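Visitor: I'd like to walk through this model with someone who can back up the labels. Could you show it to me first?

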Amino acid sequence: MNPPLKNDRFLRALLREPVDATPVWMMRQAGRYLPEYRATRARAGSFMSLCTAPELACEVTLQPLARFPLDAAILFSDILTVPDAMGLGLSFAEGEGPRFAHPVRSAAEIERLGVPDPELELGYVMDAVRLIRRELAGRVPL
């Protein structure tokens, strides 16, 4: 069970309820501008290693909250982990970006795609979510 939120401003705003101030959060909160992010990324060795290590994903998710009075935490992950979990074989080429070992090129290939089980194929994301929520201790929503 998670503790009650101490700051639910972001969630209330999403529900169109009155808030005392406009909530603040930033896309890519963990972004490349933070020296602590760059240090954690270097420790991880690769972007995918950073995404797939729940402890490191948690660390990077929480870093901006240590610096700024934000109203929400943004999970550090990558949307492409989902197609990777569907069997497309994600990798990141340094300086080039994401690549799939098995790109989908036809309707038949789309039909063959499986639906990943979040706890199995994306267990590292689910573990990161649980760890982050525990570390947030209700400070802000994730």
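**Pocket, core and loops**

Guide: Happy to. This is a predicted model, and the second largest pocket in it has a volume of about 170 Å³.

Visitor: Which residues line the second largest pocket?

Guide: Asn2, Pro3, Leu5, Leu11, Arg133, Leu136, Ala137, Gly138, Val140, Pro141 and Leu142.

Visitor: And how does that lining divide into nonpolar, polar and charged?

Guide: Eight of the lining residues are nonpolar, two are polar and one is charged. Arg counts as charged, and Gly goes with the polar group, so Arg133 and Gly138 in the lining get those labels.

Visitor: Let's step back to the whole chain. What makes up its secondary structure?

Guide: Seven helices and two strands. Reading from the N terminus, the order is α-α-α-α-α-β-β-α-α. The C-alpha atoms fill a box of roughly 50 × 35 × 25 Å along the principal axes.

Visitor: How much of the chain is buried, and how much surface does the chain expose?

Guide: Of the 142 residues, 35% count as buried. The exposed surface is about 8,900 Å², with carbon and sulfur atoms supplying 58% of that. As for contacts with a separation of 6 or more, 58% are between residues 24 or more positions apart.

Visitor: Which residues touch the most other members of the largest nonpolar core?

Guide: That core has 21 residues, and the ones touching the most other members are Tyr37, Leu50, Leu62, Leu65, Phe76, Ile132 and Leu136. Two or more core residues come from each of helix H2 (35-44), helix H3 (47-52), helix H4 (54-67) and helix H7 (123-136). H4 gives the most, with six. As a rule, nonpolar side chains in soluble globular proteins tend to be buried together.

Visitor: Leu136 has turned up in the pocket lining too. What is Leu136 in contact with?

Guide: Setting aside neighbours within four places in sequence, Leu136 contacts Leu62, Leu65, Ala73, Pro141 and Leu142. Pro141 and Leu142 are also among the residues lining the second largest pocket.

Visitor: Why is Val60 called buried?

Guide: The cut-off for buried is under 20% relative accessible area. Val60 comes in at 0%, so the label fits. Val60 sits in helix H4.

Visitor: And why does Val19 count as partly exposed?

Guide: Val19 has a relative accessible area of 31%. Partly exposed runs between the 20% and 50% cut-offs, so Val19 belongs there. You'll find Val19 in the loop between helix H1 (9-14) and H2. Leaving out residues up to four places away, Val19 touches Arg9, Arg12 and Ala13. Val19 and Asp8, 11 residues apart in sequence, are 9.3 Å apart in space, C-alpha to C-alpha.

Visitor: What makes Arg16 stand out, and is Arg16 buried or exposed?

Guide: Arg16 isn't a glycine, yet has a positive phi of about 65°. Most residues other than glycine have a negative phi. Arg16 lies in the loop between H1 and H2. Exposed means over 50%, and Arg16 is at 79%, so it counts as exposed.

Visitor: Which phi does Ala137 have, and how do you know which exposure label to give Ala137?

Guide: Ala137 has a positive phi of about 50°, again without being a glycine. Its place is in the segment after H7. At 33% relative accessibility, Ala137 falls between the cut-offs of 20% and 50%, so it counts as partly exposed.

Conventions. Residues numbered from 1 in each chain as written. Predicted model: local features only at pLDDT ≥ 70, side-chain atom pairs only at ≥ 80, totals over all residues. Heavy atoms only, no water. 1 Å grid on protein atoms, 1.4 Å probe; cavity = no way out; pocket = protein on both sides within 12 Å on 5 of 7 lines; lining within 4 Å. Points joined across faces, edges and corners; volume = space filled by probe spheres on them. Helix = DSSP H or I, 4+ residues; strand = E, 2+ residues; numbered from the N terminus. Buried < 20%, exposed > 50% of the residue type's maximum accessible area, 1.4 Å probe, protein only. Contact = heavy atoms within 4.5 Å. Areas by Shrake-Rupley, 256 points an atom, 1.4 Å probe, with all protein chains shown as cover. Core = buried A, V, L, I, M, F, W, Y, C linked by side-chain atoms within 4.5 Å.
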